[in-house]
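Colleague: I want to test the labels on this model. I will ask for the grounds of each, and you set the value against the cut-off.

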Amino acid sequence: MKNLLRAIVLAVVGTSDGAIAAERTVILTVQNMTCAACPYIVRESMSGVDGVEKVEVSLAEETATVTFDDAKTTVAAIADASERAGFPAAPKE
Ligand SMILES: [Cu+2]
């Protein structure tokens with residue numbers, strides 16, 4: 001019984017082992033935003049990516065500031081989601 005409990009504990013802990021989750025923030029330049037509704041669509045599409053925690057989009061600056069868990073997703077996956085919605089995005093230099 002004790003061994004079973006130990007196995008369960010190891011299995012649960014094991015999922016977060018190895019990949020140490022780190023919250024990262026990236027600024028992406030976003031193309032094609034032409035009206036006040038566009039930032040909303042960009043925010044929704046990026047927010048739909050698993051691991052994305054926060055998205056702030058600026059129409060004036062043509063940027064999206066995205067906070068995400070880099071153990072769950074990547075900048076490329078976030079940019080892809082935006083592009084699929086019609087707004088190609090790339091990390092700002
Ligand atoms: Cu628009």
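Colleague: Why is Cys 35 called partly exposed?

Modeller: Its relative accessible area is 37%. Buried means under 20%, exposed means over 50%, and partly exposed is in between. So 37% puts Cys 35 in the middle class. Bear in mind that this is a predicted model.

Colleague: And what makes Cys 38 buried?

Modeller: A relative accessible area of 7%. The limit for buried is under 20%, so Cys 38 qualifies.

Colleague: How do you know that Cys 35 and Cys 38 coordinate the copper ion?

Modeller: The SG atoms of both are at 2.1 Å. A donor has to be an N, O or S atom within 2.8 Å of this metal, so both sulfurs count. Water is not among the atoms, so the site may look incomplete.

Colleague: Now the sheet. In what order do its strands run?

Modeller: The order is S2-S3-S1-S4. It is an open sheet of 4 strands with antiparallel pairing.

Colleague: What makes S2 and S4 the edge strands?

Modeller: Each of them pairs on one side only. Strand S2 covers 52–58 and strand S4 covers 89–91. From one strand to the next, the twist averages 30 degrees.

Colleague: How do you know that S1 and S4 pair?

Modeller: They share 3 bridges in the antiparallel sense. At least two bridges are needed, so the pair stands. S1 covers residues 23–30. Within this pairing, Thr 29 is opposite Ala 90 in S4.

Colleague: And what supports the pairing of S1 and S3?

Modeller: There are 7 bridges, again antiparallel. The rule asks for at least two, so this pair passes as well. Ile 27 faces Thr 65 of S3 across it.

Colleague: Which helices meet these strands?

Modeller: Helix H2, residues 38–47, lies across S1, S2, S3 and S4. It runs at about 165 degrees to S2. Helix H3, residues 75–84, packs on the sheet and touches S1, S2, S3 and S4. The direction of H3 makes about 40 degrees with that of S1.

Colleague: Why is the contact of Arg 43 and Glu 44 called a salt bridge?

Modeller: Their side chains come to 3.9 Å, N to O. The cut-off is within 4 Å, so the pair is counted. Glu 44 has 40% relative accessibility and is partly exposed. Arg 43, at 33%, is partly exposed too.

Colleague: What makes Lys 54 and Glu 56 a salt bridge?

Modeller: The closest N and O atoms are 3.5 Å apart. That is within 4 Å, so the rule is met. Lys 54 is at 46% relative accessibility, hence partly exposed. Glu 56 also stands at 46% and is partly exposed. By this rule the count is 2 salt bridges.

Colleague: Why is Thr 67 called buried?

Modeller: Thr 67 lies in strand S3. Its relative accessible area is 13%. Under 20% means buried, so the label holds.

Colleague: How do you know that Thr 67 makes a polar contact with Thr 25?

Modeller: The two side chains are 3.2 Å apart in that contact. The limit is within 3.5 Å, so it is met. Beyond its neighbours within four places in sequence, Thr 67 contacts several residues, among them Glu 23, Arg 24 and Val 52.

Colleague: Is Ser 58 buried or partly exposed, and on what grounds?

Modeller: Partly exposed, with a relative accessible area of 21%. Buried requires under 20%, so Ser 58 misses that class. Ser 58 lies in strand S2. A polar atom of its side chain is 2.9 Å from the backbone nitrogen of Glu 61. Leaving out residues up to four places away in sequence, Ser 58 touches Met 33 and Thr 63.

Colleague: How far apart are Ser 58 and Pro 39?

Modeller: In sequence, 19 residues. In space, 6.8 Å from C-alpha to C-alpha.

Colleague: Last one. What makes Ser 82 buried?

Modeller: Its relative accessible area is 0%. The class is under 20%, so Ser 82 is buried. Ser 82 is found in helix H3. A polar atom of its side chain lies 2.6 Å from the backbone oxygen of Phe 87. Not counting residues up to four places away, Ser 82 touches residues including Val 30, Val 42, Met 46 and Pro 88.

Terms used:
Residues numbered from 1 in each chain as written. Predicted model: local features only at pLDDT ≥ 70, side-chain atom pairs only at ≥ 80, totals over all residues. Heavy atoms only, no water. Donors = N, O, S within 2.8 Å, 3.2 Å for Na, K, Ca; no water. Buried < 20%, exposed > 50% of the residue type's maximum accessible area, 1.4 Å probe, protein only. Axes fitted to C-alpha atoms, helices over the stretch in contact; angles between N-to-C directions. Contact = heavy atoms within 4.5 Å. Polar contact = N/O pair within 3.5 Å; in protein donor to acceptor, adjacent residues only side chain to side chain.
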